[in-house]
Amino acid sequence: MSRRQINPLRPLTEDERDALTRLRRATAAPAAQVIRARLLLAVADGANYQDAAEAHGRKSGDAVATLVARFNKHGLDALPPRHGGGRRP
């Protein structure tokens, strides 16, 4: 039995779904963004966080939950990687 999703994915707009679909198929885009787009589309299509993570080679459904929460707040700006620590660029 899975845990209840605290912050479920909001309904995607047509523009967001089109952008995520294009990014999912992109070969020149950074791999991290492609995986994030695939995860969001899987969750939008009804998969729970853990199943979406495992289907795309990830182990943690918690990371998908964090991505979904960030996407709900920031939209498509949640896809690019953020600063990973250390000195500011």
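Colleague: Which helices each supply at least two residues of the lining of the second largest pocket?
Modeller: This is a predicted model, where local features need pLDDT of at least 70, side-chain atom pairs pLDDT 80 or more, and totals for chains, interfaces and linings use all residues. Numbering runs from 1 along each chain as its sequence is written, and side-chain values use heavy atoms, without hydrogens and water. A pocket is an open set of 1 Å grid points over the protein atoms alone where a 1.4 Å probe fits, with protein on both sides within 12 Å along at least five of seven lines; lining residues have an atom within 4 Å of a point. Helices (DSSP runs of H or I, at least four residues) are numbered from the N terminus, and the two here are α2 (31-44) and α4.

Colleague: Which helix gives the most to that lining?
Modeller: The second largest pocket draws 5 lining residues from one helix. That helix spans residues 61-74 and holds Lys73. The top contributor is α4.

Colleague: Is Glu16 buried or exposed?
Modeller: Its side chain meets that of Arg10 in a salt bridge (Lys or Arg side-chain nitrogen within 4 Å of an Asp or Glu carboxyl oxygen). Arg10 is partly exposed at 26% relative accessibility (buried is under 20%, exposed over 50%). Glu16 has 11%, so the class is buried.

Colleague: How many residues apart in sequence are the parts that Asp45 and Arg17 tie together?
Modeller: Their side chains form a salt bridge at 3.4 Å, N to O. Asp45 sits in the loop between α2 and α3 (49-55), and Arg17 in helix α1 (residues 14-25). The pair therefore links parts whose separation in residues is 28.

How values were computed:
Buried < 20%, exposed > 50% of the residue type's maximum accessible area, 1.4 Å probe, protein only.
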